[in-house]
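Colleague: I am new to this one and would like to know how each term is earned. Could you show me the structure and take my questions one by one?

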2 protein chains.
Amino acid sequence: MRMQNGDGKLNMAGGMAETGLNERAQHLLKVLVERYIRDGEPVGSRTLSRDSGLDLSPASIRNVMADLEELGFIVAPHTSAGRVPTVKGYRFFVDTLLAVKALEQQEVRLIQQQLAIHDPTPHSLLASASRMLSAITRMTGVVTLPRREHIAWRHIEFLPLSDNRVLAILVVNEGEVQNRILSLDRSYDSAALQQIGNYLNIHFAGKDIHVVRAELLSELTRTRESMNNLMLAAITMAEKVFETRGQESGHSYVMAGETNLMEWAELSDVEKLRRLFEAFNQQRDILHLLDKCIVAEGVQIFIGEESGYRVLDECSVVTAPYSVGDEVVGVLGVIGPTRMAYERVIPIVDLTAKLLGAALNSRK
Amino acid sequence: MRMQNGDGKLNMAGGMAETGLNERAQHLLKVLVERYIRDGEPVGSRTLSRDSGLDLSPASIRNVMADLEELGFIVAPHTSAGRVPTVKGYRFFVDTLLAVKALEQQEVRLIQQQLAIHDPTPHSLLASASRMLSAITRMTGVVTLPRREHIAWRHIEFLPLSDNRVLAILVVNEGEVQNRILSLDRSYDSAALQQIGNYLNIHFAGKDIHVVRAELLSELTRTRESMNNLMLAAITMAEKVFETRGQESGHSYVMAGETNLMEWAELSDVEKLRRLFEAFNQQRDILHLLDKCIVAEGVQIFIGEESGYRVLDECSVVTAPYSVGDEVVGVLGVIGPTRMAYERVIPIVDLTAKLLGAALNSRK
DNA sequence: TTTGGCACTCGCTTATTGTGAGTGCCAGAT
DNA sequence: ATCTGGCACTCACAATAAGCGAGTGCCAAA
């Protein structure tokens, strides 16, 4: 326990009572975190004395460092190593000390360029954004598939296959194509299917898909005598389309650059990497995490254990929601080691979210 | 140099002059490889003497082992370790010594079951096969997308989007849906696009897609005066669809279980794994390799460097082509460490190829 | 042709010892 | 009231050495 010039001093000066850190301590913490992010090695009092610009001897620095440690902002991995930021340290750094660097013109242009695909499908835009995020940050990029509140029925088309099976192609919103195969209890020829499709398109085009589903269900419970064969078939088939929907398009994400994480020394343990990659494949946990970010205003950051998922204990996740029109439809972000260059990653994620939204919107 | 009972002896006895190995040497090699595959540790003369069933002393075994080493079938990783199979050793083992185990009923049923999906799209079958291969072998499964010689035009549909753009949906073969977005120099309304689609479908339905393309190109060079507006628009748009085809659906594969490879000790070097995974993502090299296997009759095996790709130096690849009807359309297989249980993997890959072919075919 | 014996090799593990970066604390300087 | 030089101390890490043990090649005898 250090009492000599411990809590007391730190709490008083600098007018930063809430944080428990006076100006000097904050500055030193900032330099320490920056330094650790740069080199990945514990930072000692000598280094800090040299590079802080404060003209203090290592001994004085050590006093401050002891305080910072006691308050939980930094730890020493072992007795005679320098100090390393804790999650709390990173958190304070990110929340209060971080000077977010404005992006260089060059980088802005690079990002724009990557998203300026010729005639993109919505999906190819997402894939591109994800790839770009991973390439530019040398970490893992992730973009959730957009999930609109309102999904507009655009067009449906049925084609006959063999064995009483029918290929159903449903187009929603602006060019999102979904297709599935239906097994029916009798066969229909092209013309009949054409009619069925027409019937449905006339009734439902432009309507919200949830409304369509509700109407379908209520139609199905109506007395069947009051419908003609065509109507009945149409409604049954449309309902079958919706039955099998959901799980695949249901919700997931596009990821890129997983292998980038293997280049970071702090993640070089094969077993940890395996678990991480497995979580990436599983999608479940990552998706839950990203889902939380959809309600946030802008960039959101989870540092280490903050995410609440053990596999991400040594990772940080920087996310931002993206919107089409004025509706937030998805989240994108970057996954990397806690020791990442936040001041660079944050504006990159921020900008990408905005540009992706714009790109999706302009093509709407 | 061992001359005492070196080449001479081995070449004579056993009537296996071509191979350079007499019966006893072959048997010992077999036991050694099996043992090494099981335990992953260099096999010494003592172990072999105990487990070969030959009632020979370690000393005698050592003589044989010295010969096997001189002929290049095995090596000692260092002076006082046991021996390990070389690529040549594995190759001889696989070609001549291997007793392919018939699959257990249980396993056969497991495989069948995994491929018995309710109303699968072609793609979901491939994905399922790949996942199943990886799960059952605890290695990485891969299935190339089927590439038919003959691709039949089934149906095309155009839907108007904003800004002179059109969504084109092309269905080929039995339920394979491709869609892309075309930017045009003027706008068309639904009705016009409907007409254009009809025109094309009437002309091309059932035709091979290569033929269609050829006809389109020759039509385009015809004097344009002799066509009406509808025809011109139809042909231009169809040609645009083909222009942008190819790279995406062009050729690639579905992979599963990459992370399984991280559990094999011999691949636990992060840098090697990174390169391997990067090659998986790149697809290029792997695809070249798989393409070679499409001409093979049945199961094909590449052991270590045999593949010709450096990233696969420590891996073996077991593949088999799969067919729809009597046309070979793709390749599937398993990628794992050289030290894999070939006698199990080979029949699994073989059976999976047959069942996948059957599944694709039955739904045709 | 096979085998027991024997000297030898060499990768591992464990213990030992430095070395150096970094620390905490104290007493004296500012 | 702070800061700093000094000093003893800690501890990860690297280098060196020693012992073990599995395995080897070769030889001479069975």
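Colleague: What makes a residue count as being around DNA strand D, and which come nearest?

Modeller: A residue is near a strand if one of its heavy atoms lies within 4 Å of it. Around DNA strand D there are 20 such residues, and R24(A), S60(A), T79(A), S45(B) and R83(B) come nearest. Please keep in mind that this is a predicted model, where local features need pLDDT of at least 70, side-chain atom pairs count only at pLDDT 80 or more, and totals for chains, interfaces and linings use all residues. Residues are numbered from 1 along each chain as its sequence is written, chains are lettered from A and ligands numbered from 1 in the order in which they are written, and side-chain values use heavy atoms, with hydrogens and water left out.

Colleague: Which part of DNA strand D does the protein meet, sugar and phosphate or bases?

Modeller: Of the strand D atoms within 4 Å of the protein, 75% belong to sugar or phosphate, and the rest to bases.

Colleague: Why is the pair between T79(A) and DNA strand D called a polar contact?

Modeller: A polar contact is a pair of N or O atoms within 3.5 Å; within protein, one must be able to donate a hydrogen and the other to accept it, and residues adjacent in sequence count only if both atoms are side-chain atoms. An N or O atom in the side chain of T79(A) is 3.0 Å from a phosphate oxygen of DNA strand D, so the pair meets the limit of 3.5 Å. S57(A) uses a backbone N or O atom instead, 2.9 Å from a phosphate oxygen of that strand.

Colleague: What gives the surface near DNA strand D its mix of classes?

Modeller: Ala, Val, Leu, Ile, Met, Phe, Trp, Tyr, Cys and Pro count as nonpolar, Asp, Glu, Lys and Arg as charged, and the others, Gly among them, as polar. By that scheme the surface near DNA strand D has four nonpolar, ten polar and six charged residues. Near DNA strand C the split is four nonpolar, eleven polar and six charged.

Colleague: Which helix gives the most to the surface near DNA strand C?

Modeller: That is α4(B), with four residues; helices (H or I, at least four residues) and strands (E, at least two) are DSSP runs, numbered from the N terminus. For DNA strand D the largest share, also four residues, comes from α4(A). As for polar contacts with DNA strand C, a side-chain N or O atom of R62(A) is 3.2 Å from a base nitrogen, and one of R83(A) is 2.8 Å from a phosphate oxygen.

Colleague: How do you know that β3(A) and β7(A) are paired?

Modeller: Two strands pair if DSSP finds at least two bridges between them. Four bridges join β3(A) (residues 140-144) to β7(A), running antiparallel, so the two strands pair. One of the bridge partners is V254(A) in β7(A), facing V143(A). The open sheet they belong to has five strands in the order β7-β3-β10-β9-β8 of chain A. Its edge strands are β7 (253-256) and β8 (300-303), each pairing on one side only.

Colleague: What do chains A and B bury between them?

Modeller: Buried area is the accessible area (1.4 Å probe) that two parts lose on being put together, summed over both. For chains A and B it comes to about 3,300 Å², 58% of it on carbon and sulfur atoms. In chain A, I181(A), M262(A) and V270(A) lose the most area to chain B, together 16% of what that side buries.
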